[in-house]
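Visitor: I'd like to walk through this model with you, one question at a time. Could you pull it up?

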Amino acid sequence: MTKTSLSSRGARAANTPLRIDYGAYSEAIGNPYHPTDNPTGALTLNVAENRLSWFDLKAKIEAITSENEVPTWVPGYTSSRGAPEFREAVASFLSEHLTGCPIDPEHLGVSAGATSVIEMTSFILADAGDVAVIPAPSYPVYRQDIGNLSGVERYDLVTHHELWEIAAGPALTLAHLEQARAEIEAAGKRFRMLILTTPDNPTGGIYREERLSEMAEWCIEREVHLVVNEIYGLSLIDTEHPVIGSDYSEELPFSSFAKLMAKKQSDFLHLWYAVSKDLGISGFRVGLVYSQNAALLEAYENLNLTHSVSNHTQWVLERLLTDAEFMTLYLERNQKCLTESYAVVVSYLKRLGIPYVPSRGSLFVWVDLSEFMSRDSKDAELELWQELFRATGVLLTPGIGFGHTKRGLFRVVYPCVSIEELKVAMGRIENFVWRRRDG
Ligand SMILES: Cc1ncc(COP(=O)(O)O)c(C=O)c1O
């Protein structure tokens with residue numbers, strides 16, 4: 001089929017790769033590392049997946065499907081914004097583990113992964129040409145999720161230049177929001193959404209409750225929708241781990257935005273969540289929006305059929321999430337594994353003197369390799385990324401696409417390989433660094 005046989009939207013999509021690193025990724029997964037069969041093979045540290053805890057979940061999920069009868073609600077149609085049985089289960093799971101406050105299942109909308117939820121929510125809250133402000137650096141695919149269907153524009157709000165400026169957490173202030181608003185309005189556009197991710201992709205920072213509260217008040221007053229994405233809300237790092245403890249000057253527990261939503265009861269505050277990262281099951285495609293906005297939920301019910309989740313998947317997860325004892329143990333063990341792997345990356349970076357942002361959660365370390373760029377430009381960043389991949393077989397994600405202005409920043413995903421593989425990857429990066437510094 002030629003591209004001219006498509007709509008203009010289709011032709012644009014045919015020419016726009018989803019991610020900048022897909023080409024290199026396809027190459028890398030064709031030559032995977034194996035300690036004995038392929039010791040020089042590639043190690044991909046670029047896809048935001050947690051593969052450390054699947055072993056635990058696999059046995060549990062197999063038991064659910066083999067030991068239980070499929071209930072009668074599964075084969076038929078149900079509410080397009082999520083089967084009531086599933087929404088009940090998810091609400092109690094969230095209130096027990098993530099939010100620390102009651103979640104009303106009637107205020108949830110469930111779609112096929114966070115991607116679908118982001119698309120649906122933007123479609124419902126903003127018009128084409130409206131602007132969503134996102135503090136930089138941030139998840140590259142927000143651009144497509146808010147833009148492809150809804151035509152909402154992404155505004156990357158740069159709040160800092162060097163990594164040390166966000167060592168203690170996100171730098172976003174009300175002054176930054178005012179500055180963005182002035183610029184957007186001067187361009188004749190509407191600042192319609194503010195999207196915050198906590199813990200953050202890629203920096204691993206978390207927002208303090210007081211800061212979120214200020215942001216929420218600012219947004220409510222100006223009728224800007226504030227959406228907080230807590231997709232990494234249970235992927236927290238133990239900041240008291242001996243290898244990393246000195247990076248943190250204070251304890252800062254994660255506090256869910258749901259608590260502020262309960263206090264403020266506003267149509268302009270919303271929360272996103274998905275099981276993709278915290279449970280390491282991105283392939284199940286389950287995400288959700290939580291909102292007090294009745295009109296949003298009505299619209300969601302009417303529009304979400306194209307994005308809804310298979311009832312069979314909802315049933316399996318309903319069984320899983322309601323096993324409170326299993327989920328508590330799973331989450332504890334998962335956070336321990338995440339911390340161990342995170343500490344491996346940090347111990348190498350400390351030894352090498354490579355700047356990074358101390359993370360409090362998420363699956364990432366955001367590192368500064370700008371000293372190895374031949375010049376300060378996008379091309380030089382991509383050249384360095386390719387050079388690192390060719391020399392070491394380790395694939396990272398380059399900073400281009402995250403919306404930040406500083407070049408030479410890279411994202412390392414640490415739980416998408418085993419801890420043994422991670423040590424191999426970091427050892428190769430270490431050799432690369434010494435070779436480049438010596439040369
Ligand atoms: C911040 C953020 N939101 C959404 C997504 C997409 O998640 P899902 O696989 O549930 O669509 C990702 C995936 O990396 C992410 O990092």
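Visitor: Which loop does Pro-137 lie in?

Guide: Start with the bond just before: the peptide bond from Ala-136 to Pro-137 is cis, with omega near 0°. As for elements, helices (H or I, at least four residues) and strands (E, at least two) are DSSP runs, numbered from the N terminus. On that numbering, Pro-137 lies in the loop between β3 (131-136) and α6 (142-147).

Visitor: And what are the ground rules for the numbers?

Guide: This is a predicted model, where local features need pLDDT of at least 70 and side-chain atom pairs count only at pLDDT 80 or more, while totals for chains, interfaces and linings use all residues. Residues are numbered from 1 along each chain as its sequence is written, and side-chain values use heavy atoms, with hydrogens and water left out.

Visitor: Where is Pro-202, and what is the omega of the peptide bond from Asn-201?

Guide: Pro-202 is in the loop between β5 (191-197) and α8 (209-222). Most peptide bonds are trans. The one from Asn-201 to Pro-202 is cis, with omega near 20°.

Visitor: How far is a polar side-chain atom of Asn-201 from an oxygen atom of the ligand?

Guide: Polar contacts here are pairs of N or O atoms within 3.5 Å; within protein, one must be able to donate a hydrogen and the other to accept it, and residues adjacent in sequence count only if both atoms are side-chain atoms. Arg-285 also puts a polar side-chain atom 2.8 Å from a ligand oxygen, and Ala-114 does so with a backbone N or O atom, at 2.8 Å. For Asn-201, the side-chain distance is 2.8 Å.

Visitor: Which helix gives the largest share of the shell around the ligand?

Guide: A residue is near the ligand if one of its heavy atoms lies within 4 Å of it. There are 16 residues around the ligand, with Ala-114, Thr-115, Tyr-232, Ser-276 and Lys-277 the closest. The largest share, 4 residues, comes from helix α5 (residues 113-125).

Visitor: What kind of pair do the rings of Tyr-232 and Phe-364 make?

Guide: Rings of Phe, Tyr and Trp (its six-membered ring) pair if their centres lie within 6.5 Å; planes under 30 degrees apart count as stacked, over 60 as edge-to-face and the rest as tilted. That rule gives 9 aromatic pairs. In this one the centres are 5.3 Å apart and the planes at 75°, so the pair is edge-to-face.
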